[in-house]
Amino acid sequence: MMITNKLLIEEVEELKSLLSQGKAEIPSFWECLWPGVVLVVWNMLCAVISVDAVYLSGKYMFHVLVFPVGVSIIMLLGIASSRSLFLSVPKNFREKSNIYRFFSKKLMIYAVVYMAVIMLLAICNRVVYDSPFSFAFMVILTSVFFGFVMNLDFGRYQLSLLTSAINSFRAEKLGGVITQMQP
């Protein structure tokens with residue numbers, strides 16, 4: 001399916017209408033967090049796979065896990081923030097929206113490819129280098145590379161329209177709540 005500016009504008013207008021009717025949802029903390037947690041666990045598993053058992057002893061374990069887990073936690077924060085924005089849109093709109101379906105599929109492909117690449121790097125590191133430092137470096141480079149590619153890819157669709165619609169609605173609601181709380 002091709003995303004056009006016309007389709008994007010139509011869906012943003014429909015979303016604005018829904019949000020102005022008070023139909024925004026507040027997702028649970030776990031709904032926002034779980035994909036990032038999966039990524040952290042995946043990168044930990046790959047870090048352990050990436051080295052020989054010698055490096056899994058006490059003094060080396062920190063070196064094996066620190067960078068892959070650190071990068072994953074930073075990614076977890078970004079994922080949770082993005083999902084909170086994504087899931088704040090009413091579920092019926094998300095299910096029927098062509099744009100949401102398109103980006104959901106695209107994000108799933110990015111996630112699967114990223115996880116496969118990290119696993120391949122772990123296996124390659126174990127076979128060729130067997131060093132916790134080389135795997136950590138590969139994870140950092142791969143994560144930065146995927147971040148840049150995703151940013152460029154999603155930036156083509158002018159998603160700022162959709163994000164600004166949701167954020168302006170949130171700001172209006174937050175301002176109303178604060179005003180109601182003041183004497």
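These legends walk through several views of a predicted model.

**Figure 1. The whole chain, an all-helix pattern of α-α-α-α-α-α-α.**
Let us start with the overall picture. The chain has seven helices and zero strands. Of its 183 residues, 36% are buried. The chain exposes about 11,100 Å² of surface, and carbon and sulfur atoms supply 71% of that area. How much of the contact in the chain comes from residues 24 or more positions apart? Among contacts with a separation of 6 or more, such residues account for 82%.

**Figure 2. Helix H2 beside helix H5.**
Two packed helices are described by the angle between their axes and the distance between the axes. Here, helix H2 covers residues 29-49 and helix H5 covers residues 98-129. Their axes come within 8 Å and cross at roughly 15 degrees. Angles under 35 degrees count as roughly parallel, so H2 is roughly parallel to H5. The crossing in which H2 passes H5 is right-handed. On the H2 side, the contact is made by Val 38, Leu 39, Trp 42, Asn 43, Cys 46, Val 48 and Ile 49. On the H5 side, the partners are Tyr 114, Met 115, Ile 118, Met 119, Ala 122 and Arg 126. Sorted by class, this contact has 11 nonpolar residues, one polar and one charged.

**Figure 3. Met 115 and its partners in the H2 and H5 contact.**
This view picks out one residue from the previous figure. Met 115 lies in helix H5. Which residues does Met 115 touch, if we do not count those up to four places away in sequence? They are Val 38 and Trp 42, and both of these belong to the H2 side of the contact. Met 115 and Trp 42 are 73 residues apart in sequence, yet their C-alpha atoms are 7.4 Å apart in space.

**Figure 4. Helix H5 packed with helix H6.**
H5 appears again, this time with helix H6, which spans residues 132-155. The two pack at an angle of about 160 degrees, with their axes 10 Å apart. Are these helices roughly parallel or roughly antiparallel? Angles over 145 degrees count as roughly antiparallel, and H5 and H6 are therefore roughly antiparallel to each other. Their crossing is right-handed. Residues of H5 that take part include Phe 103, Leu 107, Tyr 110, Val 113, Val 117 and Leu 121. Among those they meet in H6 are Phe 135, Met 138, Val 139, Phe 146, Val 149 and Phe 154. By class, the contact of H5 with H6 has 17 nonpolar, four polar and two charged residues. Tyr 114, Ile 118 and Ala 122 of H5 take part here, and these three are also listed in the contact with H2.

**Figure 5. Thr 142, a buried residue of helix H6.**
Is Thr 142 buried or exposed? Its relative accessibility is 11%. Buried means under 20%, so Thr 142 counts as buried. Leaving aside neighbours within four places in sequence, Thr 142 is in contact with Tyr 114, Val 117, Ile 118 and Leu 121. These four partners are found in the H5 side of the contact with H6.

**Figure 6. Gly 22 in the loop between H1 and H2.**
The last stop is a loop. Gly 22 sits between helix H1, residues 5-20, and H2. At 42% relative accessibility, Gly 22 counts as partly exposed. How far from Gly 22 is Pro 90 in space? Although 68 residues separate them in sequence, the C-alpha atoms of Gly 22 and Pro 90 are 9.8 Å apart.

Key:
Residues numbered from 1 in each chain as written. Predicted model: local features only at pLDDT ≥ 70, side-chain atom pairs only at ≥ 80, totals over all residues. Heavy atoms only, no water. Axes fitted to C-alpha atoms, helices over the stretch in contact; angles between N-to-C directions. Parallel < 35°, antiparallel > 145°, perpendicular 65-115°, else oblique. Left-handed = near helix turned anticlockwise from the far one by under 90°. Contact = heavy atoms within 4.5 Å. Nonpolar A, V, L, I, M, F, W, Y, C, P; charged D, E, K, R; others polar. Buried < 20%, exposed > 50% of the residue type's maximum accessible area, 1.4 Å probe, protein only. Areas by Shrake-Rupley, 256 points an atom, 1.4 Å probe, with all protein chains shown as cover.
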